[in-house]
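Reader: I should like to take a close look at one part of this protein, namely the contacts made by its charged side chains. Could you please guide me through them, and then turn to the aromatic rings?

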Amino acid sequence: MPTSRFAVLMFALSASTMTAHAGEVDLVRVEKSERRLELLSGDKVVRSYAMALGANPVGHKGREGDERTPEGRYVLDWRNPGSGYYRSIHISYPNGDDVAAAKRAGVVAGGMIMIHGQPNGYGWWSWLMQMFDWTNGCIAVTDEDMAEIWHMVEDGTPIEINP
């Protein structure tokens, strides 16, 4: 193989494994039906992760305890390094529309929806846990993936959660 082809091949391989750094990710996109969480910089997907959702994943979260993950556009507004799961980043659910809809339905909207890793001390179970939807409405990834997300996503980053 000529040197120039080898150099192009090596660059292509290394470019495919590059990761963004904190501040470069300007959108987190979740595709619930595909169980995929993506980190975007501009229009480019820089990382993609498999994920698990709430145990009742179809549809928008409507009330506390429905085990659904919300749908729509929110903000990742704060983080908890001392969470009961391997790190957690809070999603700004419920917004004003969610609260109003819940009030009209006579229910409480719920809250504390997070992106998080595995329950503390059980990260080694992620090979099994990520095979099914097990959260109460949160978005769960492996501990290794959560470490990357934690590093790459800043507070204030928008999150778009699609059906």
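Author: Arginine 36 is partly exposed, with a relative accessible area of 24%; here buried means under 20% relative accessible area, exposed over 50%, and partly exposed in between (1.4 Å probe, protein chains only). Its partner, glutamate 34, is also classed as partly exposed because its relative accessibility is 46%. The two side chains meet in a salt bridge, with 2.1 Å from N to O. That term denotes a side-chain nitrogen of Lys or Arg within 4 Å of a carboxyl oxygen of Asp or Glu. Glutamate 34 and arginine 36 also belong to a network of salt bridges that links them with Arg29, Glu31 and Glu38.

This is a predicted model, in which local features need pLDDT of at least 70 and side-chain atom pairs count only at pLDDT 80 or more, while totals for chains, interfaces and linings use all residues. Residues are numbered from 1 along each chain as its sequence is written, and side-chain values use heavy atoms, with hydrogens and water left out.

The count of salt bridges comes to ten. One of them joins arginine 47 to glutamate 148, whose closest N and O atoms are 2.8 Å apart. This pair links distant parts of the chain, 101 residues apart: arginine 47 lies in strand β3 and glutamate 148 in helix α4 (residues 143–152). Helices (H or I, at least four residues) and strands (E, at least two) are DSSP runs, numbered from the N terminus. Arginine 47 is partly exposed at 23%, and glutamate 148 is partly exposed at 27%.

Another salt bridge connects glutamate 71 with lysine 32, at 3.0 Å between the closest N and O atoms. Glutamate 71 is in the loop between β3 (44–50) and β4, whereas lysine 32 is in the loop between β1 (27–31) and β2 (36–41), 39 residues apart. Both glutamate 71 and lysine 32 are buried.

Arginine 79 contacts a ring instead: its charged end sits over tryptophan 150, 4.7 Å from the ring centre. For this, NZ of Lys or CZ of Arg must be within 6 Å of the ring centre and within 35 degrees of the ring normal.

Among the rings themselves there are four aromatic pairs. Rings of Phe, Tyr and Trp (its six-membered ring) pair if their centres lie within 6.5 Å; planes under 30 degrees apart count as stacked, over 60 as edge-to-face and the rest as tilted. Tyrosine 74 and tyrosine 93 are edge-to-face, 6.0 Å centre to centre with 70° between the planes, and both are buried.
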